[in-house]
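Biologist: Thanks for sitting down with me. Could you walk me through this model, one question at a time?

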Amino acid sequence: MIDIRDIQGNLRFSTPINEGSKRKFSLMKEDYITLKFSLSEPVYFKLGDYIDNELGMFELIDLYKPAYNTTTGAYDYELRLDAYYWKWKNKKFFYTPETTGREAAWNLTATLDTHLKVFLDNLKALGYKFRDLDFTWDIDSTVENTSKLVSYDNVNLIDALTQMAETWECEWWIDNHKICFGRCEYSSPVDFKAGDLTDTENVNVNSMTRSDSQTTYATRVYAFGSTRNIPASYRKNLIFDVKQVNGSEISDTARPLDIKYFPSRVVHKEEYPVNEGIGSGAFTTSYTEWMHDTDIVASLPAGDYKVSSGDGISINVSTVIPSIGAGRSFLPAGDYVLKASYIYKVSGVTKEVPIGNQTVTLSQDQQYEVSVTFAVASSLQIEGNATDLKIRICTHVPSRESSILNDSFSAYVSYDITLFKGSSADATVTFLSGVNSGKTFSCVYNPDHLIGDSANVIQLPSGVTASLGDRYTIDNIIKGKVPDNYFSKDDKEMTLNGVVQKRLMLPEGISYVDAYRYSPTGERINIGDENYDDPDNVEMPEEEAIEEIVTFDDEYPKYTGSTDEVPEPDIGKELDDDKNPTGNEYPIYTFKDTDLKNFNKKDFVIDELRLIFQTGKLAGLNFALDVKESDNTGTTFEIIRNEDYGRYLPDDTLYPQAAHVDKGEDIPADTYILYGFDTAFISEQMLPDSEQTLLKKAKDYVKKSMIDPSTYDCEMDADFIYNNGNIRTYEFGAKVNLINKAFFPEGQQSRIIGFEWPLDIPYDHPVYTVGETAAYSRIGEIESKIDSLTYKGQTYSGSAVGGGGTSVYIIGVNDKTLPSDRNTFSAKRIINEITERAISRTADDTASGLITFLKGVVSEGLVEANAGLVVRKTELVEPMVMSLLSEEFEDGIVEENEDVFIEEMRTGTGGAATLGELDNVTDEADSAVLGSLFVKGENWEAVPPVLSSLTDFDNMLMPVYHQVLGKWVFISVSSISGGVTPPVNLEMVLDTGLLDVNKLV
């Protein structure tokens, strides 16, 4: 009987399992039973009514009404009860389910485990458990551990799981309290064979029907990535025109070059840094003038040089700051002459270029110090080929007529100056027109290290010339750093590429990925084969190319940074819609990334600057950013709060964190992905690397797309399933070898993704659905998108449960895998193993093999040995309630491996049923007192333990305590010797009655 109970556990209705009742499951689509019955009066079932028995836990999750049968006058029921977890379809998926302001439409970019943590929060808020267990998640290693964007728009919990599975290209299923993600597949394959008239051996499938999947089957894929971090110049042509020619030097005056357009590895800088911080020492009556030279460079060519001087040149003259308690002296009155200049030599003649010159006059002793700062001009012109370039400091001070230490004074100078001449760069130039068309040359940009407009020159190799109007490209220029207006406006290219122009593309020269190619001999070589990329291979014919366009929105050039410094938040004032203060305050969080230096928002931000947190309290959340400041020490960002996740974030609970220690545990800094900027700011290699990653992902997608997406419904043979009463069942995920000549020349390995069988007679032709693609569908009927992929791989691998741990391979009922130290049996397999291998302790059972008992057998009932019983002795007779010696061993103890028995009991043929009925045992043995011993006379007879009239001592068996074995054993009186306790002789046996029947028992 099936008991259906209400949500309080009270019995609402009971029904037997009637014909027409069934069990049905489809991976990610349905999981239910239907109970079929008819009633003269209706029973009104309510949501939440359930069963919990050997069939599982099933609930009524949709309102149900019976159908009135006008023929029988009864109410007919086909009551559908869904698996316990399908009631989740009636609940919405919120980001913050524990709060009142719950948001049902939200986005989250994070790893799958982060999405599932939010999911578990929803189940916890609803109070849903599996019996007494909280739900957990289990993600196997076939799922890519990457952050992905999922947009949830008023979806229910079941649809949310399906969205996650679609996004990570995997499957979901429920295993008791575990929400599993990955590929549902296990065990070694079992043959499902559909035969024909000529092949009837091992056929176990009555019929096998094929259902074509809606999944796209593609042999050629055009793959694109995301639009994030893709500059407007991406894949546009950057073509220069020769507008000026001077011998081997050419330039495009409409597109002037800058050294920052070239990779740092090819740049040659001409710069001369110098910094100083030095004092004069104490001035005296005779020491009133200090001159100090600092070398810059021994030789340098003539020309204009840029100068970077920071705060300029600082000269300070001051008296000594005395120790505590003493008074500080003033500087002496008079003229203080302070001077700075460049000096260098040209052909031995000293040249001087003034930097600053100032005289400060003190009319009386009234100041402690004199300070000047000379601003340094931003350029320096050098005449001729100079040598010995220096910076000279001159200081002249009044004399003081005093030798007191506190009256001393001195000068100090400091500066940090760098002279720059223009930088050059190695350039690779390819001509598109003119006499050099198609040729590539190694050239030099700004060979003379000039600055300003004069630097816009490319020097061709010696002997190579060009003409006005020739067109050329610079192959090693960083396009992301070149202004947009330098690029060509190719209308045809824009029309062809359309919207995908700004998406990440496959590497240049690769337009698509084919599922296979052909060798020169016509052999088909699939993608993934080691010979796929052989240069002699040819593409598939156009007729075989089934094309598909796929976008991977999680593929783009990524910069991953850290929140290295997170200061205390500033406090903002909340405003209402009219910009009036509400009185409420909120935190404004900033953080500093010390690895991101000199981030120029104006030049490198191409869209709204945003980040997605990868770790920490805000993992998966997306925020706009504002650049507060950036220099050589890093960049400081302000996080712009939003309420996309049900409340304003960040707040006092969810906020960014720098590395710190919490309760003895080291907490690392949060990490984030930055987007909305031109990656050329960080590295010109980021875009090409991302293109290679996209290519790899496209190849993986094509490999999966080649797998047969069809499903096969296999109606099983009833006798095969019945299996002589040991009914065979197969669970979803079990591997199967499909054998059907109509569909597969050599068979095909797949797995079970669904089943349906009658509940009343489970072996009555059950139907198993076998395939690679789960037939899932969203309850909310969300449309398929171009980037939705279905995972169709075949590899079994371990899983990490709840973010950690090691999985164990489960050997199922029909699994042929050999047991080892790295796997285990399923619960059903264990029951089968026990049934086949073990003898029941609680029920009648039969052992088909030889059973050996090492320590004996004790029975309160009759022990039958219908074909004879052999008792084998090792070294001493083991403890028994009674032991009998065969007649062949009258003279001593039974030796090892010798047989001990009286005679065979033939109860099955009407022979002796008791010891007294045996031919060589006296009848009185059946009525002997407890503890009696068998003694051999003419026949074996039972005598009490102490009997003075006993004469046949040699054949008497007596119990003694064996010191070595530590237990009581039976031994013949004739074999008594040392090694027993107490040392027993015949007189002691007869006179003192040492044969204690209690010890005997």
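**Strand partners and packing**

Modeller: Happy to, and let me start with one pairing: strand E23 (residues 313-319) and E29 run antiparallel and are joined by 6 bridges. Please keep in mind that this is a predicted model.

Biologist: Good to know. Which residue in E29 does Asn316 stand opposite?

Modeller: Asn316 belongs to the pairing of E23 with E29, where the strands run antiparallel. Its opposite number in E29 is Tyr412.

Biologist: And over how many bridges do strand E20 and E29 pair?

Modeller: Strand E20 covers residues 267-282 and E29 covers residues 409-431, and the two pair in the antiparallel sense. One bridge there links Gly279 to its partner Tyr412 in E29. The count for E20 and E29 is 13 bridges.

Biologist: What stands opposite Ser308 in E29?

Modeller: Ser308 takes us to strand E22 (residues 303-308), which runs antiparallel to E29 with 3 bridges joining them. Opposite Ser308 in E29 is Thr418.

Biologist: Let's follow E29 to its later residues. Which residue in E30 is the bridge partner of Thr430?

Modeller: E29 pairs with strand E30 (residues 440-445) in the antiparallel sense, over 6 bridges. Within E30, the partner of Thr430 is Thr440.

Biologist: Which residue in E32 stands opposite Phe431?

Modeller: Strand E32 spans residues 471-474 and pairs with E29 over 3 bridges, in the antiparallel sense. E32 also pairs with strand E17 (residues 240-241) over 2 bridges, again antiparallel, and there Phe240 has Tyr472 as its bridge partner. For Phe431, the residue opposite in E32 is Tyr472.

Biologist: Now the helix. Why does the length of H5 agree with what its residue count predicts?

Modeller: Helix H5 has 20 residues, 686-705, and the rise is taken as 1.5 Å a residue. The expected span is 1.5 Å times one less than the number of residues, so H5 should span 28 Å. The distance between its end C-alpha atoms agrees with that, at 29 Å.

Biologist: Which strands do the buried residues of H5 pack against?

Modeller: The buried residues of H5 include Met686, Leu687, Leu694, Leu695, Tyr701 and Val702. Polar residues are on that list too, among them Ser690, Glu691 and Lys697. The strands they pack against are E11 (148-153), E16 (220-224), E33 (513-514), E37 (547-551) and E38 (559-562).

Biologist: Which strands are the edges of the open sheet that contains E16?

Modeller: This open sheet has 3 strands in the order E33-E16-E37, with mixed pairing. The edge strands each pair on one side only. On one side of E16, 2 bridges join it to E33, which runs antiparallel to it, with Val221 opposite Val513. The edges are E33 and E37.

**Buried spots and backbone details**

Biologist: Is Glu171 buried or exposed?

Modeller: Glu171 lies in strand E12 (residues 171-175), and a polar atom of its side chain is 3.0 Å from the backbone nitrogen of Cys184. Its relative accessibility is 2%, and the cut-off for buried is under 20%. Glu171 therefore counts as buried.

Biologist: Asn446 has a positive phi although it is not a glycine. Is Asn446 buried or exposed?

Modeller: Its phi is about 50°, and Asn446 sits in the loop between E30 and strand E31 (458-459). With a relative accessibility of 1%, Asn446 counts as buried.

Biologist: And Ser347, buried or exposed?

Modeller: Ser347 also has a positive phi, of about 55°, although it is not a glycine. It lies in the loop between strand E24 (334-346) and strand E25 (349-362). At 75% relative accessibility, Ser347 counts as exposed.

Biologist: Which peptide bond is cis, with omega near -5°?

Modeller: Look in the loop between strand E44 (634-640) and strand E45 (660-662), where Pro650 has its place. The cis bond is the one from Leu649 to Pro650.

Biologist: Last one: which residues touch the most other members of the largest nonpolar core?

Modeller: Nonpolar side chains tend to be buried together in soluble globular proteins. Here the largest such core has 108 residues, and a second, separate core of 39 residues includes Tyr272, Leu331, Tyr336 and Val376. In the largest core, the residues that touch the most other members are Trp88, Phe119, Phe181 and Phe192.

Definitions and conventions: Residues numbered from 1 in each chain as written. Predicted model: local features only at pLDDT ≥ 70, side-chain atom pairs only at ≥ 80, totals over all residues. Heavy atoms only, no water. Helix = DSSP H or I, 4+ residues; strand = E, 2+ residues; numbered from the N terminus. Buried < 20%, exposed > 50% of the residue type's maximum accessible area, 1.4 Å probe, protein only. Contact = heavy atoms within 4.5 Å. Pairing = 2+ DSSP bridges. Polar contact = N/O pair within 3.5 Å; in protein donor to acceptor, adjacent residues only side chain to side chain. Core = buried A, V, L, I, M, F, W, Y, C linked by side-chain atoms within 4.5 Å.
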